[in-house]
Amino acid sequence: MGDFGQQASRVGRRTVLLAAGGLAFGVAGCSTSHPHPTAAGTRRTEAPRRQPSAGGSTPPALPRAAAWQPSPNDVDPQVKLRAVRLVEALGSWHTGEHGVVAARRRVSALGLDPGLAGSAAPLLASADEAALRVVDAQYGGILADTGSVLVVCRQWTRRGGAVTAGGTTVDVRLSRARPRWTVTALHPAAPGPAVSSLPAAARKVLDDSRVELPPAARADVRSGHIHPTALGALLDLAGTYRMYVSVIRSGHPLYVFGTSRRSDHPRGRAFDVWQINGRSVVDPATPHRLVESFMRDAAAAGSYNVGGPVPLSGGAPGQFFSDPTHHDHVHAGFTT
């Protein structure tokens, strides 16, 4: 997330204990074609299961995985957990549980406003069943009493004997409440349609195996709305690093959280990276030198505005920044 400068207010303390009352059921998911080592803030993928249908035949199996868990190193793990559990509940269902009415029941079971299901259309495809895996959850902003969590997910839906792969990114807005944070709004990504002719840099980014793109970010590139400087920087960084992008354009707040400043993301002039060389940025075991090197190389690739968990010196005035929002990812923004 993020853009120039720090957030309007910092969280004063870091919560490290996960809620004992969090949901423990497994949420459907799947490994990607380029699997990564298990790390904090990710999940262990399990083998698909097949269930006989009522007619005796076996329908196609949907992938499934353990429920996503935040890193204990997160600024406030409870905020992310609340947002993720909602998206998992909305985007996963068994046969006979599809539709908005059933989704409202699942939301209500979490102690949240069932009306939130009305804003979750991209997660509620007309399908017999669905499975959802959260790839990552990063802060779009975290202040003392409000937060934005960008839930990046993949989803598989089954209609009869056909399984379709998809996914999106949802900007989940939360506010502090008792006994725990509550969700106030959902803003799913809206990448726009793919264009028939893409510039060479966009095609290269899509084809580069060292640049992992989740569904919404890949759709962003295919839409033709990503600025050439951001595409070029991704390709430059891919020469040295294998990275997993979380957000590029869609699914990100329009404004720098807590301010009235326009974010570079909706203009296609920024990207966020949550994993570098298979190491999660938020994981305390990830070497600071790796994150620092990536941040400096992002600046060298043309970013005027590099944020991350490591406070850096040098560069142009104000080129590097660090705050609670960027504790879990590296942000790179571009002007031209």
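Let me start with G307, which sits in strand 11, residues 305-307. This is a predicted model, so read every value as computed from it. With a relative accessibility of 0%, G307 counts as buried, the cut-off being under 20%. Leaving out neighbours within four places in sequence, its contacts are M295, F321, H326, H329, V330 and H331. There is also a C-alpha separation to note: G307 and D323 are 16 residues apart along the chain, and their C-alpha atoms are 7.8 Å apart.

Next, Q155. This residue belongs to strand 4, residues 146-159. Is Q155 buried or exposed? Its relative accessibility is 7%, so Q155 counts as buried. What does its side chain face? A polar atom of the Q155 side chain lies 2.9 Å from the backbone oxygen of G91. G91 is also on the contact list of Q155, which leaves aside residues up to four places away in sequence. The rest of that list is W93, P122, L123, A130, A131, L132, T164, A165, G166 and G167.

G91 brings us to helix 1, which covers residues 77-91. On helix pairs in general, the description uses the angle between the two axes and the distance between them. For helix 1 and helix 2, residues 100-109, the axes come within 9 Å and cross at roughly 155 degrees. The two are therefore roughly antiparallel, since the angle is over 145 degrees. The crossing of helix 1 past helix 2 is right-handed. Which residues meet there? From helix 1 they are L86, A89 and L90, and from helix 2 they are A103, R106 and V107. By class, that contact holds 5 nonpolar residues, no polar ones and 1 charged.

Now helix 3, residues 200-207, which comes up in two pairs.

The partner in one pair is helix 4, residues 215-222. Helix 3 and helix 4 pack at about 155 degrees, with axes 9 Å apart. That angle makes them roughly antiparallel as well, so the reasoning is the one I gave a moment ago. Here helix 3 passes helix 4 in a left-handed crossing. A202, V205 and L206 of helix 3 make the contact with R218, V221 and R222 of helix 4. The classes are 4 nonpolar, no polar and 2 charged.

The partner in the other pair is helix 5, residues 228-238. Its axis and that of helix 3 come within 9 Å and cross at roughly 40 degrees. Helix 3 is therefore oblique to helix 5. This crossing is left-handed. On the helix 3 side we have A201, A202, K204 and V205; on the helix 5 side, L231, L234 and L235. That contact consists of 6 nonpolar residues, no polar ones and 1 charged.

Last, two backbone details. As background, most residues other than glycine have a negative phi, and most peptide bonds are trans. The bond from R178 to P179 is cis, with omega near 5 degrees. P179 is in the loop between strand 5, 162-175, and strand 6, 182-188. N277 has a positive phi, near 50 degrees, and is not a glycine. Where is N277? It is in the loop between strand 9, 270-276, and strand 10, 279-280. N277 has 32% relative accessibility, so it counts as partly exposed.

Conventions:
Residues numbered from 1 in each chain as written. Predicted model: local features only at pLDDT ≥ 70, side-chain atom pairs only at ≥ 80, totals over all residues. Heavy atoms only, no water. Axes fitted to C-alpha atoms, helices over the stretch in contact; angles between N-to-C directions. Helix = DSSP H or I, 4+ residues; strand = E, 2+ residues; numbered from the N terminus. Parallel < 35°, antiparallel > 145°, perpendicular 65-115°, else oblique. Left-handed = near helix turned anticlockwise from the far one by under 90°. Contact = heavy atoms within 4.5 Å. Nonpolar A, V, L, I, M, F, W, Y, C, P; charged D, E, K, R; others polar. Buried < 20%, exposed > 50% of the residue type's maximum accessible area, 1.4 Å probe, protein only. Polar contact = N/O pair within 3.5 Å; in protein donor to acceptor, adjacent residues only side chain to side chain.
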